[in-house]
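Reader: Before I go back to the bench, I would like to be walked through how the strands and helices of this protein are arranged.

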Amino acid sequence: MRTTVPPVACVGEPRLTAGFAEFGRLDLAAHDEVHGPIGPMEPAQLLRLAEGMQLKGKGGAGFPFARKLRAVLESCERQDLAAVVVVNATEGEPASWKDKVLLTRAPHLILDGAALAAYALDAEEIVIGVADDGVGQDSLMDALAERRMPVPTTIVTVPHRFISGEGGALVNGINGLPHIPPGTKKRSSDSGVGGLPTLLSNAETYAQLAVAARLGPYEYAALGTDDEPGTVLLTVTGAAARPAVVECAAGTPLREILDLCEVPDGPGILMGGYHGKWITPEAADRAEVSRKGLAAVGGTLGAGIIVPLGVDTCPLGEAAQVVRYLAGESAGQCGPCKMGLPDLARAVDLAVAGSQPADVVRAAAGEVKGRGACSHPDGTARFALSAIEVFADDLRLHSTGDGCGRRVKGVMGLPGAPDGNPQKLTLDWSRCDGHGLCAHVVPDFIRLDGNGYPAFPPTPVPTWLREGALKAVKVCPELALRLAKAE
């Protein structure tokens, strides 16, 4: 697991990254020198600011912050309860580093934004969720020791998994429950941490709020677009020769960011992370860095993640690895995740191998879209469908069974398996007689092919299916099925 924070760059005027060149990490004295003082705001003031700056969540969903704030205020009044402010700095997306940059270099901006919200809501406490990878936690603790927060402020660590960064999963973790999304959709503004109305937003969102509180909505809008004022933090990784976290004004040409990070020519660029969408190089030349600008070329801003591919790797193979990873990262609590995502991963694998057409991938994606307890099935389906559309020419080469002639280099930033002991099923074909018992024991992972023989994806067995896989191994009458450590 990578724990070194990447370099930081800026196109145009720095705001969130102001002072980085001079101070590296901004302690409280440097923070005050660079950003200046900030005072508390009453609820109406903070609402006007959030609405005036058109602040939307920076964690990927882009939900308007003012609507969240108003919902918590109304819920507190309706239920006569205190509020809780939660900062989501978990950044479970493996390819993202922007929040870690803020934690390690500008922690006081995050704390400023959380303090503004807590004061306006008359909150009971502030809780900051961080991943257990250790990146940024010490910096955050040092920052808390330097200042006085308006309410008790605690740090909660969560497993560094993709699904742990989902808002409901973070609230569950803070409440002492498993770090997975709730089985039903719940509004944290009604009942979140400790059953109290909870304002939950991403670390960069709070940092942007702190910047705007000093500038005011009009000066804040001096950068950016009419639809999306201000700046954006981007993580550029993948095949980039100079990977970096980049701050730029919304509306900046995407090509300018790619050139700054020395991104080579390649077959496609993933925008928005593992729940994002691929775009072609031609689309990248036309795109602007904003939600509207990227949507216009078939992409998405998401959490500000850009993962370009080089010409020396198999794009479909790279995408297949990500789909396998996402299938393994499922919470395993609803059918679309438990059964649908392994099916989707299997479909993508077989399409890459030339064993079945892309229509099977589309059908498998259609089985999970809009049906899960959280956004994970939708995001995974969106990623897979985007890959087979953008890499259609490569898919035709793979459909012959010969492939595109390029190996999979593994440039997508995939981490190791979250359980630390990945295991996968293998089959001794010289022993297997096609009894089919294994598919009856663990149908969520093993299917029978057209000839009645077991078929399963080459991905490690998800942790929640491990017990079933062991039973399948034990009932195999020919001892053909085995569970071994995944390399």
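Author: Two strands are taken to pair if DSSP finds at least two bridges between them. With that in mind, please remember that this is a predicted model.

Reader: In what order do the four strands of the open parallel sheet lie, and which strands stand at its edges?

Author: The four strands form an open sheet with parallel pairing, and their order is 4-3-2-5. An edge strand has a single partner strand, so one side of it is left without a neighbour in the sheet. From one strand to the next the twist averages 20 degrees. The strands at the edges are therefore strand 4 (153-158) and strand 5 (198-202).

Reader: Which residue of strand 5 stands opposite Asn88?

Author: Strand 2 (residues 84-89) and strand 5 run parallel and are joined by five bridges. The residue in strand 5 that stands opposite Asn88 is Asn202.

Reader: Which helix packs on this sheet, touching strand 2 and strand 5, and what angle does its direction make with that of strand 5?

Author: The helix that touches both strand 2 and strand 5 is helix 9, which covers residues 203-220. Compared with the direction of strand 5, that of helix 9 makes an angle of about 95 degrees.

Reader: How are the strands of the six-stranded open sheet ordered, and which are its edge strands?

Author: The pairing in this open sheet is mixed, and the order of its six strands is 1-7-6-10-8-9. The twist from one strand to the next averages 25 degrees. Pairing on one side only is found for the edge strands, namely strand 1 (8-11) and strand 9 (277-279).

Reader: What is the bridge partner of Val11 in strand 7?

Author: Strand 1 pairs with strand 7 (residues 244-249) in the parallel sense, over four bridges. In strand 7, the partner of Val11 is Cys248.

Reader: Which helix lies across strand 8 and strand 9?

Author: The helix in question runs at about 20 degrees to strand 9, and it also lies across strand 8 (269-271). It is helix 16.

Reader: Is helix 13 roughly parallel or roughly antiparallel to helix 16?

Author: Helix 13 (residues 315-328) and helix 16 (residues 376-390) pack with their axes 10 Å apart, at an angle of about 170 degrees. Angles over 145 degrees count as roughly antiparallel. Helix 13 is therefore, relative to helix 16, roughly antiparallel.

Reader: How many residues of the contact of helix 13 with helix 16 are nonpolar?

Author: Helix 13 contributes residues including Leu316 and Val323, which meet a set in helix 16 that includes Phe383 and Ala387. The residues of this contact divide into two polar, no charged and, for the class you ask about, eight nonpolar.

How values were computed. Residues are numbered from 1 along each chain as its sequence is written. This is a predicted model: local features need pLDDT of at least 70, side-chain atom pairs count only at pLDDT 80 or more; totals for chains, interfaces and linings use all residues. Side-chain values use heavy atoms; hydrogens and water are left out. Axes are lines fitted to C-alpha atoms, for helices over the stretch in contact, and angles run from 0 to 180 degrees between N-to-C directions. Helices (H or I, at least four residues) and strands (E, at least two) are DSSP runs, numbered from the N terminus. Angles under 35 degrees count as roughly parallel, over 145 as roughly antiparallel, 65 to 115 as roughly perpendicular and the rest as oblique. Contact means heavy atoms within 4.5 Å. Ala, Val, Leu, Ile, Met, Phe, Trp, Tyr, Cys and Pro count as nonpolar, Asp, Glu, Lys and Arg as charged, and the others, Gly among them, as polar.
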